[in-house]
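Biologist: I am new to this structure. Please put it in front of us, and then I will ask about its parts one by one.

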Amino acid sequence: LLPSLGDCNLIVTNCDIVTNLDFNTLVNFHLNNSADCTLSVANYRHEIPFGVVKYDRNGNYLRIEEKPDINEYVYAGICCLSSSFLNLSLPRKKIDMPDFLQKGHENGLNISIFPIHEKWNDVGSPEDFKILEKFKL
């Protein structure tokens, strides 16, 4: 539903994100990397409270990793899009961000990854909202 924005960059955020990210830093990173899209990511750590069984493709036991930590970068719900990326969207046609990003990737556009280290929280549930009481911005 966006009007034609000409040659510009647009920051898009999920509505349930709370952060103290400096958006100027994001835009500067986007411009300095000549990106068509700059995707913010946050480190997410999760400890599995059990021993994880590792096995080969034949189902033969290899080892147990006791209570491993998994660290991954997750989409932080904030991105900066250039006009070339925005031009991939069709007027009045809904597209979810993962599909939109994939479309940009398939069209050979430059998608940069911007790790954020500032405070960041996704408020997707009432339990997440309760955590925000401790989330001093």
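Biologist: Which residue in β7 stands opposite Leu39?

Modeller: Strands are DSSP runs of E with at least two residues, helices are runs of H or I with at least four, and both are numbered from the N terminus. Two strands count as paired if DSSP finds at least two bridges between them. β3 and β7 run parallel and are joined by 5 bridges. In β7, the residue opposite Leu39 is Ile113.

Biologist: What is the average pLDDT of the chain?

Modeller: The model is predicted, and local features need a pLDDT of at least 70, side-chain atom pairs count only at pLDDT 80 or more, and totals for chains, interfaces and linings use all residues. Residues are numbered from 1 along each chain as its sequence is written, and side-chain values use heavy atoms, without hydrogens and water. pLDDT is the predictor's confidence in each residue, from 0 to 100. A score of at least 70 is reached by 95% of the residues, and the chain average is 89.

Biologist: Which element of the chain has the lowest mean pLDDT?

Modeller: At the high end of the elements is strand β7 (residues 111-115), with a mean of 97. At the low end, with a mean of 76 over residues 126-131, is helix α4.

Biologist: How many bridges join β3 to β6?

Modeller: One pair of facing residues is Ala42 and Val74, the latter in β6. The two strands run antiparallel, and the number of bridges joining them is 10.

Biologist: Which residue in the hairpin of β4 and β5 takes a positive phi?

Modeller: β4 (residues 51-55) and β5 (residues 61-66) run antiparallel and are joined by 5 bridges. Val52 has Glu65 in β5 as its bridge partner. The hairpin has 5 residues between the strands, and the one with a positive phi, near 85 degrees, is Gly59.

Biologist: Is Ser34 buried or exposed?

Modeller: Ser34 sits in the loop between α1 and β3. The residue is not a glycine, yet its phi is positive, at about 50 degrees. Buried means under 20% relative accessible area, exposed over 50%, and partly exposed in between, using a 1.4 Å probe and protein chains only. Because its relative accessibility is 58%, Ser34 counts as exposed.

Biologist: What is the relative accessible area of Lys67?

Modeller: Lys67 belongs to the loop between β5 and β6. Although Lys67 is not a glycine, it has a positive phi of about 45 degrees. It is partly exposed, and its relative accessible area is 44%.

Biologist: Which element supplies the largest share of the largest nonpolar core?

Modeller: A nonpolar core is a set of buried Ala, Val, Leu, Ile, Met, Phe, Trp, Tyr and Cys residues joined through side-chain atoms within 4.5 Å. The largest one has 11 residues, among them Cys37, Leu39, Leu81 and Phe100. At least two residues each come from β3 (37-47), β6 (69-82), α2 (83-86) and α3 (97-106). The largest share, 3 residues, comes from α3.

Biologist: With which residue does the side chain of Thr38 form a polar contact?

Modeller: Thr38 lies in strand β3, and it counts as buried because its relative accessibility is 0%. Beyond its neighbours within four places in sequence, its contacts (heavy atoms within 4.5 Å) include Leu26, Phe29, Cys80 and Phe114. A polar contact is a pair of N or O atoms within 3.5 Å; within protein, one must be able to donate a hydrogen and the other to accept it, and residues adjacent in sequence count only if both atoms are side-chain atoms. At 2.7 Å, the side-chain partner of Thr38 is His30.

Biologist: How many disulfides does a search of the whole structure find?

Modeller: A disulfide is a pair of cysteine sulfur atoms within 2.5 Å. The sulfur of Cys80 is 7.7 Å from the closest cysteine sulfur, in Cys79, and this is too far for a bond. For Cys15, the nearest cysteine sulfur, also that of Cys79, is 14 Å away. The number of disulfides found is 0.
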